[in-house]
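Me: I should like to work through some questions on helix packing and cysteines in this structure. Please reason each answer through before giving the result.

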Amino acid sequence: MVYGPGVLGADRLEAWVEESLADSPLYLRLGRVVVGDRHLLDLAGNASPGQPPLLPLFAAVHFLLLTGSDHPLAAYYPSVGGGSPPDDDVGAAFSDFCKRNRAELLDLGRTRLVQTNEAARAAVLVLGLGVVAARIGGPVGVIELGASAGLLLRWDRYRYEYGSAGALGDAGSLVKISCVPRGPTPPLVPAVMPEAAWRVGIDLDPVDLSDPLAARWLEALVWPDQDQRRHRLLAAIDVALSHPVGVIEGDAVAELPGLMSQCPAETPLCVVHSMTLNQFSPESRDGLERVLSGAGRPVTRLWMEWIDAPGPVLTLVE
């Protein structure tokens, strides 16, 4: 098993469920069910190594429901038209669904990864890109590490609304991202949308949005009772299909030197990543630092990560 009492520890797994699934009443209820069921824990533990607890199983179940599996469990999933709140019967329905579809769930757990591509993160990253573009006085070249389907690389196709701090982007965009700024200092919303002169992404397993099943898996990773996120994802997929951006397959540390050399020498270069370093080994993080420091050209680094901090932190290093 990758996760469960034998590896993560029963107490830690229970704590993870309470902390990490609190935003989803459905998944919080199901998480408690799985933690208390040895057979479901065994099934969840068949995910690829390094995946987060329980989420591969939840996504696999969601994927099968999105692709038309007919089962009473669907009544609890708003994403497939269900309207029932997670009651005392949802656990039995989930367990029965897993038992009936065990072979498919095992296959999905072995072949699919949890690699969400949350377009809403662009609302934070575009603030940093705005600072970079303003300082250089023009378009920037961008390499995104851990790009997944490359949705963040289409930041200039989205509409951002920051409350009283202002707005940015085309009001007619399919993707609208609304934020509620917190704290005494309002965000520095760019006066104009930062532009890209050149852009590319890299990922160990890029999501090919032209493959309907790959796009459906990305949808399945969105929690089924979070409609706003799901609708935003589907809109971002439509934008991505209309505005192709390259995402190459490979290890970020190994491929980054070659990618940096491909960016035109006259184009200021920015390396971007978000919620990615937590998936790097300590050796890979060290390797990334060495690659960036030895780039042989000026490189700006913009990242939003959640490591050794109470929440995600946006950092810009020039």
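Me: Which residues of H5 are met by residues of H2?

Reply: In this predicted model, the H2 side of the contact consists of Leu 26, Arg 29, Leu 30, Val 33 and Val 34. By class, the residues of the contact between the two helices are six nonpolar, one polar and one charged. On the H5 side, the residues met are Val 90, Gly 91 and Phe 94.

Me: Is H2 roughly parallel or roughly perpendicular to H5?

Reply: The axes of H2, residues 25-35, and H5, residues 90-100, come within 10 Å and cross at roughly 70°. Angles of 65 to 115 degrees count as roughly perpendicular. Therefore H2 is, relative to H5, roughly perpendicular.

Me: What is the handedness of the crossing of H2 and H5?

Reply: Two packed helices are described by the angle between their axes and the distance between the axes. The crossing of H2 and H5 also has a hand, and this hand is right-handed.

Me: How many disulfides does the structure hold?

Reply: A disulfide requires two cysteine sulfur atoms within 2.5 Å. For Cys 179, the nearest cysteine sulfur belongs to Cys 270 and is 19 Å away. The sulfur of Cys 270 has its closest cysteine sulfur in Cys 263, at 10 Å, which is too far for a bond. The number of disulfides in the structure is zero.

Me: Is Cys 270 buried or exposed?

Reply: Cys 179 has a relative accessible area of 25% and is partly exposed. A residue counts as buried under 20%. Cys 270 has a relative accessible area of 0%, so Cys 270 is buried.

Methods. Residues are numbered from 1 along each chain as its sequence is written. This is a predicted model: local features need pLDDT of at least 70, side-chain atom pairs count only at pLDDT 80 or more; totals for chains, interfaces and linings use all residues. Side-chain values use heavy atoms; hydrogens and water are left out. Axes are lines fitted to C-alpha atoms, for helices over the stretch in contact, and angles run from 0 to 180 degrees between N-to-C directions. Helices (H or I, at least four residues) and strands (E, at least two) are DSSP runs, numbered from the N terminus. Angles under 35 degrees count as roughly parallel, over 145 as roughly antiparallel, 65 to 115 as roughly perpendicular and the rest as oblique. A crossing is left-handed if the near helix is turned anticlockwise from the far one by less than a right angle, and right-handed if clockwise. Contact means heavy atoms within 4.5 Å. Ala, Val, Leu, Ile, Met, Phe, Trp, Tyr, Cys and Pro count as nonpolar, Asp, Glu, Lys and Arg as charged, and the others, Gly among them, as polar. Buried means under 20% relative accessible area, exposed over 50%, partly exposed in between (1.4 Å probe, protein chains only).
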